[in-house]
Amino acid sequence: MKFKAIKSIAVAILFLMVANSSAQEKITVPLSNPGSSGVLKMGIVSGAITITGYNGKEVVVVGTRRVGKKRKSEPNKYGLKKISNNSMEFSVEEYGNTVKVETTPMGTIDFDIKVPVNFSLKVSTVNRGFIQVSNIKGAIEVSNVNGKITLKDITGSVSADTVNGDIVANLLKVTPNTAMAFSSLNGVLDVTFPKSMKADLKLKSDRGEIFTDFDLQSKPQKAKVTKGRASKGGAYKVKVENWITGSINGGGPEISFKTFNGDIILRSK
């Protein structure tokens with residue numbers, strides 16, 4: 001009995017590593033429970049991520065090494081020819097319908113991934129890439145530092161943030177009684193929701209404007225005052241934050257929108 005238990009666990013784990021010099025590599029990942037919901041987790045340092053939901057029972061990962069512009073060869077201190085390291089390395093691990101993709105910090109790899117439509121996502125990138133997600137029915141958590149986030153034909157919930165980039169999202173249906181958040185430091189927030197969605201909205205743009213075609217029932221709110229010790233002299237530092245709050249279709253879970261440099265656009269469809 002013990003041997004059978006150990007064997008079943010071993011079958012449920014899949015770990016694949018790619019380390020070669022080819023420009024592109026494709027990996028097809030079988031799931032432990034095909035047809036059931038799952039999660040894709042990945043956080044990369046450099047590269048773009050495109051994720052598409054499809055009517056399949058496997059996760060398909062395609063990694064493409066981004067090749068930079070060739071530079072003129074220059075003589076080095078040894079008087080020898082320099083050999084560039086253009087290898088690509090990433091790993092894919094599956095356990096219990098959770099698929100994890102990891103890369104090394106060196107080099108830039110762009111990913112094009114297909115997952116079953118009922119997958120949830122926890123995805124991030126830092127430099128040299130966008131995040132684009134389409135046709136997903138699940139909970140989505142996406143984060144980008146230097147790049148745009150685009151979410152198309154989403155059913156579920158979203159938490160999205162970026163430092164330098166816009167966030168454009170189109171939600172066909174939302175998960176009832178689930179809070180959501182959209183934020184950017186330097187970027188526009190352009191989000192489309194179903195007309196019938198019930199929500200309490202919380203919005204703030206320091207250097208932008210707010211637009212919507214929803215019938216927003218504004219709620220009076222006092223400015224939030226935060227007190228703390230200043231760096232000099234032991235005096236108190238007071239920070240006042242003004243948010244716009246309101247409800248649509250009678251109110252519901254909180255959805256927050258915050259940007260520093262950029263407009264907030266809420267559309268109904």
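Accessible areas here come from the Shrake-Rupley method with a 1.4 Å probe.

**Figure 1. Overview of the predicted model of the protein chain.** About 16000 Å² of the protein chain is exposed, and carbon and sulfur atoms supply 53% of this area. Of the 269 residues in the chain, 36% count as buried, and the secondary structure consists of one helix and 22 strands. Among the contacts in the protein chain with a separation of 6 or more, 60% are accounted for by residues 24 or more positions apart. The mean pLDDT of the chain is 86, with 78% of its residues reaching 70 or more. Over residues 1-12, by contrast, the pLDDT is below 50, and this stretch has five contacts in the model beyond near neighbours in sequence.

**Figure 2. Close-up of Asn 97 in the loop between β6 and β7.** The loop that holds Asn 97 lies between β6, which spans residues 88-95, and β7, which spans residues 98-103. Asn 97 has a relative accessible area of 3% and is therefore classed as buried, the cut-off for that class being under 20%. The side chain of Asn 97 reaches the backbone oxygen of Ser 36 at 3.4 Å. When neighbours within four places in sequence are left aside, Asn 97 is in contact with Leu 31, Ser 32, Asn 33, Ser 36, Ser 37, Gly 38, Val 39 and Phe 119.

**Figure 3. Close-up of strand β15 with its partners β20 and β21.** Strand β15 comprises residues 199-205, and because five of its seven residues are buried, the strand is largely enclosed by the rest of the structure. With β20 (residues 244-248), β15 pairs in the antiparallel sense over five bridges, whereas with β21 (residues 254-261) the pairing of β15 is parallel and runs over six bridges. Asp 200 can be followed into both partners, standing opposite Ser 247 in β20 and opposite Glu 254 in β21.

**Figure 4. Close-up of Val 133 in strand β10.** Strand β10 spans residues 131-146 and includes Val 133, a residue that counts as buried at 1% relative accessibility. Not counting residues up to four places away in sequence, Val 133 touches Ile 51, Leu 121, Ile 140, Thr 150, Leu 151, Lys 152 and Ile 154. The view also takes in Gly 53, which is 80 residues from Val 133 in sequence, while the two C-alpha atoms are 8.2 Å apart in space.

Terms used: Residues are numbered from 1 along each chain as its sequence is written. Side-chain values use heavy atoms; hydrogens and water are left out. pLDDT is the predictor's confidence in each residue, from 0 to 100. Contact means heavy atoms within 4.5 Å. Helices (H or I, at least four residues) and strands (E, at least two) are DSSP runs, numbered from the N terminus. Buried means under 20% relative accessible area, exposed over 50%, partly exposed in between (1.4 Å probe, protein chains only). A polar contact is a pair of N or O atoms within 3.5 Å; within protein, one must be able to donate a hydrogen and the other to accept it, and residues adjacent in sequence count only if both atoms are side-chain atoms. Two strands pair if DSSP finds at least two bridges between them.
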